[in-house]
Amino acid sequence: MQSFSASTASKGKVCLAYSGGLDTSCILKWLINDRGYDVVCFLADVGQEEDWDQVRAKAKKLGASKMVITDLRKEFVEDFCFRAIQCNAQYQGRYLLGTSLARPVIARAQMKVAQEEGCQFVSHG
């Protein structure tokens, strides 16, 4: 977790599921500048290749008050991937469901961060 300087006059605090990509970066700026919220960015590590330092730096540059990156790899594999493999979960008999399988573990962790950080709202891109 990394804290940045908090904004002064805020309408409340939002926990934003943040990837560092275009969509969530635009949402981050919009929430801060246009809507007046203090934003805590949340990113789940479920095994994807990311430049974590670059994501942190971008969130800070765009005005996030904090960036939380949570390692969910073990939980993702043990609670979701193993079960999907056991039941041969595939889309159209050919694609593994990695992205959709990750959603519940990400959402659960985001809600935990939102509670820990005192957020009144959550958002995703």
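Is Phe82 buried, exposed or partly exposed? In this predicted model, Phe82 counts as partly exposed, at 46% relative accessibility. The value falls between the 20% limit for buried and the 50% limit for exposed, so the middle class applies. Phe82 sits in helix α3, which covers residues 73-86. Together with Val77 and Ile85, Phe82 makes a nonpolar surface patch. The patch has an area of about 300 Å².

Aromatic rings were examined next. A pair of such rings is described by the distance of the centres and the angle of the planes. The count comes to one aromatic pair. Tyr37 and Phe121 form this pair. Their ring centres are 5.5 Å apart, and the planes meet at 70°. The arrangement is edge-to-face, because angles over 60 degrees are classed that way. Tyr37 lies in the loop between α1 (22-34) and β3 (38-45). Phe121 belongs to strand β7, residues 121-124. These positions are 84 residues apart in sequence, so the pair ties together separate parts of the chain. Tyr37 is buried, with a relative accessible area of 16%. Phe121 is partly exposed, at 38% relative accessibility.

A further residue, Arg103, was placed in helix α4, which runs over residues 98-116. Arg103 is exposed. Its relative accessible area is 52%, and the exposed class starts over 50%, so the label follows. Along the chain, Arg103 and Phe76 are 27 residues apart. In space, the C-alpha atoms of Arg103 and Phe76 are separated by 9.6 Å.

Technical notes:
Residues are numbered from 1 along each chain as its sequence is written. This is a predicted model: local features need pLDDT of at least 70, side-chain atom pairs count only at pLDDT 80 or more; totals for chains, interfaces and linings use all residues. Side-chain values use heavy atoms; hydrogens and water are left out. Rings of Phe, Tyr and Trp (its six-membered ring) pair if their centres lie within 6.5 Å; planes under 30 degrees apart count as stacked, over 60 as edge-to-face and the rest as tilted. Helices (H or I, at least four residues) and strands (E, at least two) are DSSP runs, numbered from the N terminus. Buried means under 20% relative accessible area, exposed over 50%, partly exposed in between (1.4 Å probe, protein chains only). Patches are made of residues with over 30% relative accessible area and no salt bridge: like charges are joined within 9 Å, nonpolar side chains (Val, Leu, Ile, Met, Phe, Trp, Tyr) within 5 Å. Accessible areas come from the Shrake-Rupley method with a 1.4 Å probe; for residues, only the protein chains shown count as cover. A salt bridge is a side-chain nitrogen of Lys or Arg within 4 Å of a carboxyl oxygen of Asp or Glu.
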